[in-house]
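Subject: Structure handover and findings

Hi,

Here is the structure I promised to pass on. Please open it alongside this email; my notes follow below.

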Amino acid sequence: MGDKDDRSPKKKKGATKDMDDLKKEVPITEHKMSVEEVCRKFQTDVVQGLTNAKAAEFLLRDGPNALTPPPTTPEWVKFCRQLFGGFSILLWTGAILCFLAYAIQAATEDEPAGDNLYLGIVLTAVVVITGCFSYFQEAKSSKIMESFKNMVPQQALVIREGEKVQINAEEVVAGDLIEVKGGDRIPADIRVTSAHGCKVDNSSLTGESEPQSRSPDCTHDNPLETRNVAFFSTNCVEGTARGIVICTGDRTVMGRIATLTSGLETGKTPIAREIEHFIHIITGVAVFLGVTFFILAIILGYTWLEAVIFLIGIIVANVPEGLLATVTVCLTLTAKRMAKKNCLVKNLEAVETLGSTSTICSDKTGTLTQNRMTVAHMWFDNQIHEADTTEDQSGAAFDKSSVTWLSLSRVAALCNRAQFKAGQDSVSILKRDVAGDASESALLKCIELSCGSVRMMRDKNKKVAEIPFNSTNKYQLSVHETEDPNDNRYLLVMKGAPERILDRCSTIMLQGKEQPMDEEMKEAFQNAYMELGGLGERVLGFCHVLLPEDQYPKGFAFDTDDVNFQTDNLCFVGLISMIDPPRAAVPDAVGKCRSAGIKVIMVTGDHPITAKAIAKGVGIISEGNETVEDIAARLNIPVSQVNPRDAKACVIHGSDLKDLSQDQMDDILRNHTEIVFARTSPQQKLIIVEGCQRLGAIVAVTGDGVNDSPALKKADIGVAMGISGSDVSKQAADMILLDDNFASIVTGVEEGRLIFDNLKKSIAYTLTSNIPEITPFLFFIIVNIPLPLGTITILCIDLGTDMVPAISLAYEAAESDIMKRQPRNPARDKLVNERLISIAYGQIGMIQALGGFFAYFVILAENGFLPSQLVGIRLNWDDRSLNDLEDSYGQQWTYEQRKIVEFTCHTAFFVSIVVVQWADLIICKTRRNSVFQQGMKNKILIFGLFEETALAAFLSYCPGMDVALRMYPLKPTWWFCAFPYSFLIFVYDEARKLILRRNPGGWVEKETYY
Amino acid sequence: METILLIVSSLLVYMTGKYNPAHATHTYYETLRIGGLAFAVVLFTLGILLILSRRCRCGIKQKPRAPGDEEAQEENLIVSKAAKETPPEN
């Protein structure tokens, strides 16, 4: 909070500088100071802690130790954004123009026609209703977001004036002496002054999957890597530690990341850009038509005011009233569909973004991997055996018959302090909670799975003595009684760093028999060790010995402090290696992304070897692709001599990334298809995302940790993990995978691409009817015929009959395998392009207009007005005082009679549009395939056809419609006027698509494939 | 389905029976209105029935499907969800 107060007086320039500052690395230096220096700096004491007075003073100066919550947008701003964003602008402009036209008419005419007023009101209503709809949709998903927040107040144990007090974590200040123990959440950034077996889980900050030990010594220049700093909101896994608080609140490492995240500006979503482009096109067409006919009207001798009203009328007629609602509903339907497949979309527009994605930057820990250590390989009997690492134990089992394996499993089970927490018998072994170290629990679970109850084994072999693991010995040993009650010997088991274990061994067990350890075996061991280490796995060595009875008789007092028993000349049993294995569904998902043309980049805070191993495991680095280092190793030449162009894959270390210039960075991103970034800081993740975006890629970022959140926010679409993800990452993301399954991303891509295609179809369908809606007005102006189609009937089409069919296109199945094609190029593949406009407006729309006019002329002719007589009749026709207008046969028509015929024509025109829209709907189902290939499986679409026809019949025949909407019943024969045109549309477009398929890349494709 | 077709055809018979230019214009319009409305109602019911029938048929169809046939099943699921969601949209 104090930080915020400092910043607020600064100008905007200061804020941007602040952001750049945040992007730099952490400025902590306390880890390099001695404890005394740190104490002096914070005016504290390493034993007594701060005085209460000082603490209160610091609290006042620095503010409480809490993260400033990201500025929340007020609800009304969110609502206004829905109301005035994107498409709505077009409709608002239309509405305003309508009111303007009405105002002009009201000022100049005695009895102004209400059409423009109604139209304006309807347009406003449409925008407001759709705005409310999408507002509530998003409010729903943000409510789900709220439920993620856990509001448990944190406590901290501080030492002030020599006394231990439990205080609220918010009251912790810099300089406080703090004690943490296993299970605690660290309340602030701490410089450790003393520690006992303390391990912290930094995975949410750095992405390392293994707990890190903490000690008072500085082990690294980088504050993130050094052992003597523990970070705010990471967890202490085991042991205890004491330390001095060096940063609180927003100034902590975590706080800086959170501030950086909330300060990032995000660009528009791809679909928003597409809609903007669409609005430009529509506005262009509308203004062009409007101005052309404005000039024509002036030439034809209309007054200025009349011409202006025509201009506005034409512009407004171009606004597709129903499209906003259609697009919103289509996106909502897809969002719902995705939510059912466990992808929760926070922002409606983000639904499509995954479909346009061309690069996915994925975090490793917890996203690609299971975030739990698991036994992956074993080496015994001079052979590497593969263990089952799948989440559901569906993988292949190794040979368990060897006696060596029995010994190895016994050592692993006995020399192991981890145990299952009580009361979990019903839970499957892999899901049980374990008390203890990650690798020990991995061993425990592995043995429990393959050899049965470890507890029974431990009960049979009672523990007599134990030396726990420490960093100087690098081994752990324990002494047990043997299973055989008659055998009075003791069994000594030991595990630890393989090279240390090997040093203590003189024999090795092969096929259950002890054999002397010769040079050949040592080399075999080295090879196995290197190979497993090269896979990024953590390797442990195991050995045992049966202590001779004569030296160590029953009841021998084993002294573990001053070791009084044999700890060398042991028998080597084997190696076990562990890794945080990839999730089962990931390799397949990565493969699918690949074939969909999406580049998958791994960005992790973990070590390069582990990262590379996992990348190879999940296919991010595909088989046979080498890095520069691999090539160098294969050809036995120095790395500098390898041409970087030869290597498709590359692994880049965070410290190298720091020194890269922007050009070098671009070069790497452009020239390597398979990239792994290891040891990256949160800031670097952000830089990587920005780099990809600079190259024009649409970037998706997946991650679960706090360290991912700046990148999640900056990405075009951030995907967070619902179960394992941190709150900060969920806040920053646009989409949340509720089941943490990376494979759901593939679903997202598929749905996104499908909805993009289907939106094109929906728009093409909706736009087409614009032409038969505008042309009547144009002819009314130019050739002075009675108006063929009124405003009310236009609204009935746009907001009535066209709605369900347009929405039903969102349910259309994909035409081809959408996961086999490249992602769309945002610069070239637009949602709405000139070709779509040309098809909708120039071709199909024109045929539709012909159909409508045909019905219009038929009805007038049946009533006595032949087309030749209609031209130029408008002034007389609309003259209220003229009650004896003669038709072609000399019959006299009163004004009211004429109007009834005119409105019957409106109704017929309307019905004709519905009829031609049937054909339009069917041809819009596909963009390339024939309907006969696609089939009519989309039942919603068929429902749409029925519904629009029923609605048209209802509007025409319902009693009272002549008063309410001025629509009149039609003779059944008039329905059939447009049928030939409907048929023509179908044949025309099928022919076009046939040519298009026959000549790929030909003229027809270039000019008409939208 | 058969019953609906029966109703439609009987309606058509009814309409054509009454379709007689000798009648007064008013009666003609009355018939036209009733016929048209009936047409609308029938179409609408047909549409609704179509969606409902789809869901039932789908439910029966899905059971015997082999679990390995995931691809096809998924496709079917999408449509079935779609069907369930649509009625409130109208």
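Lys463(A) and Glu466(A) form a salt bridge through their side chains, with N to O at 3.2 Å. This is a predicted model, so please read every contact below in that light. Lys463(A) counts as partly exposed because its relative accessibility is 41%. Glu466(A) is also partly exposed, at 22%. That value sits just inside the class, because buried means under 20% relative accessible area.

**Other salt bridges**

Over all chains, the structure holds 40 salt bridges. The general idea is familiar: side chains of opposite charge can pair when their charged atoms come close.

One of them joins the side chains of Lys685(A) and Asp363(A), at 3.3 Å from N to O. This pair links distant parts of the chain, with the two positions 322 residues apart in sequence. Lys685(A) is in helix 24 (residues 682-694) of chain A. Asp363(A) is in the loop between strand 9 (359-362) and strand 10 (374-380) of chain A. Are these two partners buried or exposed? Lys685(A) is buried, because its relative accessibility is 4%. Asp363(A) is buried too, at 2%.

Next, Asp989(A) and Arg992(A). Their side chains meet in a salt bridge of 3.0 Å, N to O. Both residues belong to helix 39 (residues 979-998) of chain A. They are three residues apart there, so about one helical turn separates them. Asp989(A) has a relative accessible area of 2%, which means it counts as buried. Arg992(A) is buried as well, with 6%. Elsewhere, salt bridges with shared partners tie Glu274(A), Glu352(A), Arg824(A) and Lys830(A) into one network.

**Surface patches**

Two patches are on my list. The first is negative. Glu109(A), Asp110(A), Glu111(A) and Glu306(A) form it on the surface. Glu109(A) sits in the loop between helix 6 (88-108) and helix 7 (115-148) of chain A. Its relative accessibility is 36%, so Glu109(A) counts as partly exposed. That is enough for a patch, because patch residues need over 30% relative accessible area.

The second patch is nonpolar and covers about 500 Å². Its members are Val287(A), Val291(A), Ile295(A), Leu296(A), Ile299(A) and Leu300(A). Ile299(A) is placed in helix 10 (residues 270-299) of chain A. With a relative accessibility of 65%, Ile299(A) counts as exposed.

**Backbone points**

As a rule, most residues other than glycine have a negative phi. Which phi does Asn342(A) have? It is positive, at about 70°, although the residue is not a glycine. Asn342(A) lies in the loop between helix 12 (323-340) and strand 8 (343-345) of chain A. Its relative accessible area is 29%, so Asn342(A) is partly exposed.

Asn569(A) also has a positive phi, of about 60°, and is not a glycine. This residue is found in the loop between strand 19 and strand 20 (570-579) of chain A. Asn569(A) is exposed, because its relative accessible area is 52%.

Strand 19 (residues 538-547) of chain A contains Leu540(A). At 11% relative accessibility, Leu540(A) counts as buried. How far apart are Leu540(A) and Ser441(A)? In sequence, they are 99 residues apart. In space, their C-alpha atoms are 13 Å apart.

**Annotated spans**

Two UniProt annotations, both from unreviewed entries, can be set against the model. In the record, "transmembrane region" covers residues 34-53 of chain B. In the model, that span of chain B is 100% helix and 0% strand. The C-alpha atoms at the ends of residues 34-53 are 28 Å apart.

For chain A, the unreviewed UniProt entry gives "domain: Cation-transporting P-type ATPase N-terminal" for residues 29-103. Here the model has 59% helix and 0% strand. The end C-alpha atoms of residues 29-103 of chain A lie 70 Å apart.

Best wishes

Note on methods:
Residues numbered from 1 in each chain as written. Chains lettered and ligands numbered in written order. Predicted model: local features only at pLDDT ≥ 70, side-chain atom pairs only at ≥ 80, totals over all residues. Heavy atoms only, no water. Patch = residues over 30% accessible without salt bridge, like charges linked within 9 Å, V, L, I, M, F, W, Y side chains within 5 Å. Areas by Shrake-Rupley, 256 points an atom, 1.4 Å probe, with all protein chains shown as cover. Salt bridge = Lys/Arg side-chain N within 4 Å of Asp/Glu carboxyl O. Lys, Arg positive; Asp, Glu negative; His and termini not counted. Charge placed at Lys NZ, Arg CZ, Asp CG, Glu CD. Helix = DSSP H or I, 4+ residues; strand = E, 2+ residues; numbered from the N terminus. Buried < 20%, exposed > 50% of the residue type's maximum accessible area, 1.4 Å probe, protein only. UniProt positions renumbered as here; feature names shortened; annotations may be inferred.
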